[in-house]
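Here's a quick tour of a small protein model, written for someone who'd rather be at the bench. Have the fold open beside you as you read.

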Amino acid sequence: MIKDFLILSCIGNNDKIALRVNEKFYTHDFDQKINNNDLLVTSILNLTKKYKVNFDSNFSILVNYGPGCFSSLRISIAVAKGLKISKKI
């Protein structure tokens with residue numbers, strides 16, 4: 001069972017990231033007027049710092065892969081892969 005995880009739902013509109021840590025759930029909505037792809041990594045870092053997330057082998061990343069904007073989906077997958085490689089999650 002997945003205990004702690006990060007959800008990336010960047011499909012082009014109503015983009016959100018969500019975080020479940022220690023049985024609590026937190027979400028972050030993106031402003032529609034700003035290019036969200038530029039803010040994705042910064043938002044993830046701010047959210048994980050704010051709630052003191054410990055990345056370990058039991059942490060998971062879930063990516064919504066459609067339907068949606070192709071470039072937003074590719075960026076979400078690239079960010080998830082980068083986190084997986086750098087944090088060994």
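A contact here means heavy atoms within 4.5 Å of each other. With that in hand, take F5: leaving aside neighbours within four places in sequence, F5 is in contact with A18, L19, R20, F25, F59, S60 and L62.

Some ground rules before going on. This is a predicted model, in which local features need pLDDT of at least 70 and side-chain atom pairs count only at pLDDT 80 or more, while totals for chains, interfaces and linings use all residues. Residues are numbered from 1 along each chain as its sequence is written, and side-chain values use heavy atoms, with hydrogens and water left out.

**The overall fold**

The protein chain has two helices and four strands, and from the N terminus on they run β-β-β-α-β-α. The radius of gyration of the protein chain is 12 Å, close to the 12 Å that the globule rule gives for 89 residues, so the chain is as compact as a globular protein of that length. (Helices, H or I with at least four residues, and strands, E with at least two, are DSSP runs numbered from the N terminus; the radius is taken over C-alpha atoms, and the globule rule is 2.2 Å times the number of residues to the power 0.38.) Along the principal axes, the C-alpha atoms fill a box of roughly 30 × 20 × 20 Å.

Of the 89 residues, 33% count as buried. Buried means under 20% relative accessible area, exposed means over 50%, and partly exposed is in between (1.4 Å probe, protein chains only). Among contacts with a separation of 6 or more, 52% come from residues 24 or more positions apart.

**The core**

The largest nonpolar core has 17 residues, and those with the most contacts inside it are L6, L8, I17, L19, L40, I44 and F59. Such a core is a set of buried Ala, Val, Leu, Ile, Met, Phe, Trp, Tyr and Cys residues joined through side-chain atoms within 4.5 Å. At least two core residues come from each of β1 (4–9), β2 (16–21), α1 (36–50) and α2 (70–87).

L40 touches L8, C10, I17, F30, I75, S76 and V79, not counting neighbours within four places in sequence. S43 sits in helix α1, and beyond residues up to four places away it touches I17, H28 and F30. Back to F5, which belongs to strand β1: its C-alpha atom is 9.5 Å from that of F25, 20 residues apart along the chain.

**Buried and exposed, side by side**

| Residue | Place | State | Relative accessible area |
|---|---|---|---|
| F5 | strand β1 | buried | 13% |
| S43 | helix α1 | buried | 11% |
| N22 | loop between β2 and β3 | exposed | 56% |
| E23 | loop between β2 and β3 | exposed | 66% |

**A loop worth a look**

Which backbone angle stands out at N22? N22 has a positive phi, about 50°, although it is not a glycine. E23 also has a positive phi, about 65°, and is not a glycine either. N22 lies in the loop between β2 and β3 (24–29). N22 and D4 are 18 residues apart in sequence, yet 6.9 Å apart in space, C-alpha to C-alpha.

**The surface**

The protein chain exposes about 6000 Å², with carbon and sulfur atoms supplying 54% of it; these areas come from the Shrake-Rupley method with a 1.4 Å probe, and for residues only the protein chains shown count as cover. On the charge side, there are 13 positive and 7 negative side chains, and the centres of the two sets lie 6 Å apart. Lys and Arg count as positive and Asp and Glu as negative, with His and the chain ends not counted; each charge is placed at NZ of Lys, CZ of Arg, CG of Asp or CD of Glu.
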